[in-house]
Amino acid sequence: MSTQTDPVDLFVIGGGINGCGIARDAVGRGYSVTVAEMNDLASATSSASTKLFHGGLRYLEYFEFRLVREALIEREILLTAMPHISWPMRFVLPYHKDMRFDSETPTSRLLTFFMPWLKGKRPAWLIRFGLFLYDTLGGRKFLPGTSTVDLRNSELGKPLKKYLQKAFEYSDCWVEDARLVLLNARDAQARGATIMVRSKVIAAEHKDDLWHVTIRTDTGETKTIAAKMLVNAGGPWVEDIIKNTVHLKTNEGVRLVRGSHIVTRKLFDHDKCYFFQGQDGRIVFAIPYEGDYTLIGTTDAEHNDLTEKPTCTVEEQEYLLKFTNKYFEQEITKDDIVWTYSGVRPLYDDGASSATAATRDYVLRINTSGGGPVLNVFGGKITTYRRLAESALEMIDETLGATTKIWTARVPLPGGDFPVNGVENLKNALQSQLPFFDAKTIQRLVRQYGTEATDIFEDATSLADLGEDFGNSITARELDWAVSREWVKCAEDFLWRRTKLGLRVSDKDAAQIDDYLTMQLSKS
Ligand SMILES: Cc1cc2nc3c(=O)[nH]c(=O)nc-3n(C[C@H](O)[C@H](O)[C@H](O)COP(=O)(O)OP(=O)(O)OC[C@H]3O[C@@H](n4cnc5c(N)ncnc54)[C@H](O)[C@@H]3O)c2cc1C
């Protein structure tokens with residue numbers, strides 16, 4: 001076992017969006033920071049989201065106005081800081097008279113009391129009012145507002161069943177969730193943080209005014225690092241860490257709610273997303289995905305056993321197919337599913353009566369019952385990670401007796417230092433630099449690496465300059481970057497989190513990538 005002697009200010013447990021977002025903000029304010037992630041960065045909930053920077057239209061029905069407003073305002077701030085991995089998206093919400101509320105929402109209860117004749121239905125005027133709030137609560141600058149669509153005379157109506165004649169169209173945004181985590185970790189590292197992957201925190205003890213945190217790596221090595229304060233950003237494991245690793249006294253915990261998605265062959269040709277409302281009050285998105293696919297989700301199911309990796313069950317797949325088939329003209333079956341994924345929402349346990357009703361807002365708590373300060377992070381959304389980090393830093397400043405300043409709102413993430421409408425220019429410039437790549441590859445590289453794509457492929461004048469070719473435009477040059485700059489340790493990290501090339505790469509090519517990565521890692 002090795003021990004690091006110099007204590008750090010903050011030790012962050014968990015390399016999801018909240019851990020990496022807090023680490024980046026903290027190190028940029030002058031704190032010394034170490035992050036430990038037990039698997040790969042974003043290997044848990046932060047790569048399994050619906051990948052939306054959104055206000056959460058349906059949370060208005062739960063009167064979560066603070067959360068919705070904060071998230072709406074964040075959308076444009078985040079887009080500006082990362083125009084490569086996020087972009088505006090229009091959402092099409094078809095309306096029909098049978099749409100119903102989840103009977104447990106406060107809005108539904110209020111309407112049942114004052115307008116019992118609605119019998120739990122969501123009337124069109126209410127949806128329009130919700131969208132009016134959505135448009136105005138968050139002070140939009142460049143995202144367009146809501147419009148009404150006559151589906152009978154629109155491209156948007158073509159893939160849908162003919163009984164759907166009217167829709168509302170509104171704005172939200174898309175984000176590559178796993179890359180968002182990675183870019184926060186990279187920026188944190190560039191500013192001086194230490195990021196450790198495949199490093200599980202197995203114990204933490206407070207003595208002589210410091211936390212002594214024990215980490216076990218995937219090779220079985222253990223080491224202890226001293227820190228003034230702990231940040232528990234363990235996501236679904238936050239409660240487990242509280243109880244079994246740091247041994248704190250608290251009644252607070254998380255409610256674990258699984259959400260699953262299916263990815264099917266492409267179901268429609270335009271670039272807008274459908275927002276379907278069911279008769280059970282739930283909503284399901286159908287989103288254009290990775291050029292050739294459609295992403296459909298999500299579900300809501302209790303998931304109490306963290307030793308069980310969340311997967312999209314057969315029932316969940318059937319639910320999503322059945323739900324979607326009420327809307328699409330062409331029936332989809334399980335044969336159309338090419339991939340599924342599942343994640344667990346760590347919702348703050350606020351005693352809400354159903355999984356759908358538990359608050360989506362985040363809750364931050366300082367706990368000193370273990371002898372020293374621990375900041376526990378409960379809940380949160382990808383969309384509010386930056387604001388969550390700012391709130392966390394306010395509490396950290398107070399605890400450590402420091403005064404620091406907010407700074408992340410206007411600072412781009414790596415590769416994001418170009419204008420929101422500058423993607424086409426960047427693609428043109430990269431295509432001139434790398435004429436041997438086709439337009440699809442250029443698009444992928446710009447969306448993945450932004451302005452950094454130029455550096456990765458610097459000096460290359462032909463494909464041969466990029467080393468071994470692994471198919472699907474993956475070259476040794478790109479894998480070397482992934483190893484040296486993106487903490488990639490195996491093909492899965494690269495194919496399913498740094499990229500989504502796993503959707504296209506054969507098992508044989510994946511095995512070759514694994515072999516190459518193993519060889520490169522053994523040299524470092
Ligand atoms: C189905 C679904 C859809 C969603 N869609 C959206 C959306 O569209 N938009 C949006 O804004 N939000 C969305 N969310 C919410 C969002 O994804 C989560 O709030 C967010 O990812 C949580 O991040 P986190 O960092 O807290 O947790 P995680 O990403 O789970 O990170 C916690 C990390 O801690 C690590 N860890 C745990 N214990 C230890 C230990 N002892 N030592 C070291 N590391 C440890 C884990 O390995 C994990 O990587 C969605 C969530 C789900 C489940």
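**Helix packing and the ligand shell**

Helices α1 and α5 are roughly parallel to each other, because their axes cross at roughly 25 degrees and angles under 35 degrees count as roughly parallel. In this predicted model, the axes of α1 and of α5, which spans residues 177-190, come within 8 Å, and the crossing of the two helices is left-handed.

Helix α1 also packs against a second helix, α8, which comprises residues 385-400. The axes of α1 and α8 come within 9 Å and cross at roughly 55 degrees, which makes α1 oblique to α8. The crossing in which α1 passes α8 is right-handed, whereas that of α1 and α5 is left-handed.

The surroundings of the ligand were examined next. The ligand is surrounded by 38 residues, of which E37, S46, L52, G380 and T383 are the closest. By residue class, this shell divides into 14 nonpolar, 19 polar and 5 charged residues.

Polar contacts to the ligand involve both backbone and side-chain atoms of the protein, as the following pairs show. On the backbone side, a nitrogen atom of the ligand lies 3.1 Å from a polar backbone atom of M38, and a nitrogen atom of the ligand is found 2.9 Å from a backbone N or O atom of T50. T383, one of the closest residues of the shell, contributes through its side chain, an N or O atom of which is 2.6 Å from an oxygen atom of the ligand. Of the 1,000 Å² that the ligand exposes when taken alone, the protein buries 97%. The elements that give two or more residues to the shell are α1, formed by residues 17-28, together with the strands β8 (199-207), β11 (254-265) and β16 (337-348). Helix α1 thus appears both in the shell around the ligand and in the crossings with α5 and α8.

Two features of backbone geometry were noted in loops that adjoin strand β14. In the loop between β13 (residues 283-289) and β14, E290 has a positive phi of about 50 degrees although E290 is not a glycine. On the other side of β14, which covers residues 293-297, T298 lies in the loop that leads to β15 (301-302), and the peptide bond from G297 to T298 is cis, with omega near 20 degrees.

Definitions and conventions:
Residues are numbered from 1 along each chain as its sequence is written. This is a predicted model: local features need pLDDT of at least 70, side-chain atom pairs count only at pLDDT 80 or more; totals for chains, interfaces and linings use all residues. Side-chain values use heavy atoms; hydrogens and water are left out. A residue is near a molecule or strand if one of its heavy atoms lies within 4 Å of it. A polar contact is a pair of N or O atoms within 3.5 Å; within protein, one must be able to donate a hydrogen and the other to accept it, and residues adjacent in sequence count only if both atoms are side-chain atoms. Accessible areas come from the Shrake-Rupley method with a 1.4 Å probe; for residues, only the protein chains shown count as cover. Helices (H or I, at least four residues) and strands (E, at least two) are DSSP runs, numbered from the N terminus. Ala, Val, Leu, Ile, Met, Phe, Trp, Tyr, Cys and Pro count as nonpolar, Asp, Glu, Lys and Arg as charged, and the others, Gly among them, as polar. Axes are lines fitted to C-alpha atoms, for helices over the stretch in contact, and angles run from 0 to 180 degrees between N-to-C directions. Angles under 35 degrees count as roughly parallel, over 145 as roughly antiparallel, 65 to 115 as roughly perpendicular and the rest as oblique. A crossing is left-handed if the near helix is turned anticlockwise from the far one by less than a right angle, and right-handed if clockwise.
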